[in-house]
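The exercises below are meant for a reader who is meeting this structure for the first time. Each one sets a task and then works through a solution step by step.

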Amino acid sequence: MNESDLSLAKAMVGMEINTTGTTHRKSVVGRVQEKVFSPTQRNKCETCSCGGEMDQQKAQDRRRTRSLNAPSPVQQFGPCGRIMKNSAMVMTIQDPASQRLTWYKPPLTVLVIKKVRDASVLSPFVQLVHWLIKEKNMVVFVEHSVMDDSMLQANSSFQAVKDKLMTFQDGKDDLTDKIDFIICLGGDGTLLYASLLFQQSVPPVMAFHLGSLGFLTPFEFENFQDQVTNVLEGYAALTLRSRLRCIIMRKDEEKGLVPSTNLLVLNEVVIDRGPSPYLSNIDLFLDGKHITSVQGDGLIVSTPTGSTAYAVAAGASMIHPSVPAIMVTPICPHSLSFRPIVVPAGVELKISVSPDSRNTSWVSFDGRNRQELKHGDSLRVTTSIYPVPSICAQDQISDWFDSLAECLHWNVRKRQKHLDELSDLTQSSSNDTLDSLEQSEQIDS
């Protein structure tokens, strides 16, 4: 048998060929070592006197940290099978536990977004802006409309820093590559607005809870100086909140023209029946394959971050924001068996009005830019490559479950009493009958 035949036989039956020409089958231990150690380390172990036993400390060093996802980036299945090395086909998922903020250079510019028409946010806003300028020597950007607030104009501390603020106008000024850091003061709407302002790469966002719900705003404003300083020094965990790329192609634009709408959304895109009294009739495609037709009030396509917003109100499950997925939730479907589904983050959804639908549909993006989806138009939705790096107050797990408990009162109920607390059971014995208990009650009365 020549050398090529030996190589072929080795590939077919998983045999190792030694220098003397004898063969032996790989043991189970050998396969585990092949997964854990590099070829250099494995060969070194096979030729040394340890008989294949590796140092336990080296194995411990190469173990993965806590993760919400499957092992990545390299997966191997047995001695021969593995995922094809093709960057266009393989999506590498980073371990959420390793997502921590790193500054390549000290941040210089900060964008401060505050909740509008809320007097309770004015004092924290002035304190923060004054401290960032005077103590941290940072360049502070605010929206131009903030400068016209009459209550701010009457604040003497704000007047001292007013001329040092940089302003921008939404829709006119481009903030790309101008902002290093974002601080939100308010509720969840401030974080959604920050996502809308940056339609590509988003700077790290630190959100303070000064609004109504605060599910996405984990920081309390008390002692904000120490909290902001820790973030500026790089001591913070991150949650990479995925966004959806939403593109509307009009009927007369399918031939290579620019789409009428191209937006990134953080929560969800909603397709509904609008003012029509008829049920919506929407065709849903997944990677070009027709999945189903939605008959009902509409459809919600959401990110894991948006799963705790409109989707959960419509009966969907709550998904941790680090899970790479897209949720599809019907709104009041005309079918008892139409339940919400979760699909992989890499797929492309196509949504269009069915040709035989009695009416058109309407679509909105994170509650904005509402517009009509007519017959022949299509909406294409997929996961964007630009997530929102949301800074954690503690870590990815604690922040999310704290929000579930504090904002949604998840699994809040009265606890069942312990048997010792039930006096009617502890005072009776197993020999007591119902008649004897009733007689004792009559005597007591």
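**Exercise 1. A charged patch**

In which loop is E222 found, and is E222 buried or exposed?

Solution. The model is a predicted one, and the first step is to place the residue along the chain: E222 sits in the loop that runs between β9 (205–209) and α9 (224–232). The second step is to compare its relative accessibility with the cut-off, and because exposed means over 50%, the value of 70% makes E222 exposed. The last step is to look at its partners on the surface, where E222 joins E220, D402 and E406 in a negative patch.

**Exercise 2. A nonpolar patch**

Find which residues make the nonpolar surface patch of about 360 Å², and then describe the place of W410.

Solution. The patch is made by L213, F401, L408 and W410. Of these residues, W410 can be followed into the loop between α11 (396–407) and α12 (423–426). Since its relative accessibility is 45%, W410 counts as partly exposed.

**Exercise 3. A covered helix**

How many of the 10 residues of helix α8 are buried, and which are they?

Solution. Helix α8 spans residues 188–197, and eight of its 10 residues are buried, so that the helix is mostly covered. Going along the helix, the buried residues are D188, T190, L191, L192, Y193, A194, S195 and L197. One of them, L192, reappears among the contacts of N267, which also touches S302, T303, T305, G306, A309 and D366 when neighbours within four places in sequence are left aside. N267 itself lies in the loop between β12 (261–265) and β13, and with a relative accessible area of 9% N267 is buried.

**Exercise 4. Salt bridges**

How many salt bridges does the structure hold, and which parts of the chain does the pair of D149 and K114 tie together?

Solution. The structure holds five salt bridges. In one of them the side chains of D149 and K114 meet at 4.0 Å, N to O. D149 lies in the loop between β6 (139–143) and α6 (150–153), whereas K114 belongs to strand β5 (residues 109–114), so the pair ties together parts that are 35 residues apart in sequence. K114 is buried, its relative accessible area being 9%.

For a further example, take D272 and R370, whose closest N and O atoms are 2.9 Å apart in a salt bridge. This pair links distant parts of the chain, with D272 in strand β13 (residues 268–272) and R370 in strand β21 (residues 368–373), 98 residues apart. The two ends differ in their cover, for D272 counts as buried at 15% relative accessibility, while R370 counts as partly exposed at 45%.

**Exercise 5. A buried strand residue**

Work out where V353 lies, and which residues V353 touches beyond four places in sequence.

Solution. V353 is placed in strand β19 (residues 348–353). Buried means under 20% relative accessible area, and V353, with 5%, is therefore buried. Not counting residues up to four places away in sequence, V353 touches N281, N359, T360, S361, L373, K374, H375 and D377. To take one of these contacts further, V353 and D377 are 24 residues apart in sequence, and the distance between their C-alpha atoms is 7.2 Å.

How values were computed:
Residues are numbered from 1 along each chain as its sequence is written. This is a predicted model: local features need pLDDT of at least 70, side-chain atom pairs count only at pLDDT 80 or more; totals for chains, interfaces and linings use all residues. Side-chain values use heavy atoms; hydrogens and water are left out. Patches are made of residues with over 30% relative accessible area and no salt bridge: like charges are joined within 9 Å, nonpolar side chains (Val, Leu, Ile, Met, Phe, Trp, Tyr) within 5 Å. Accessible areas come from the Shrake-Rupley method with a 1.4 Å probe; for residues, only the protein chains shown count as cover. Lys and Arg count as positive and Asp and Glu as negative; His and the chain ends are not counted. The place of a charge is taken as NZ of Lys, CZ of Arg, CG of Asp or CD of Glu. Helices (H or I, at least four residues) and strands (E, at least two) are DSSP runs, numbered from the N terminus. Buried means under 20% relative accessible area, exposed over 50%, partly exposed in between (1.4 Å probe, protein chains only). Contact means heavy atoms within 4.5 Å.
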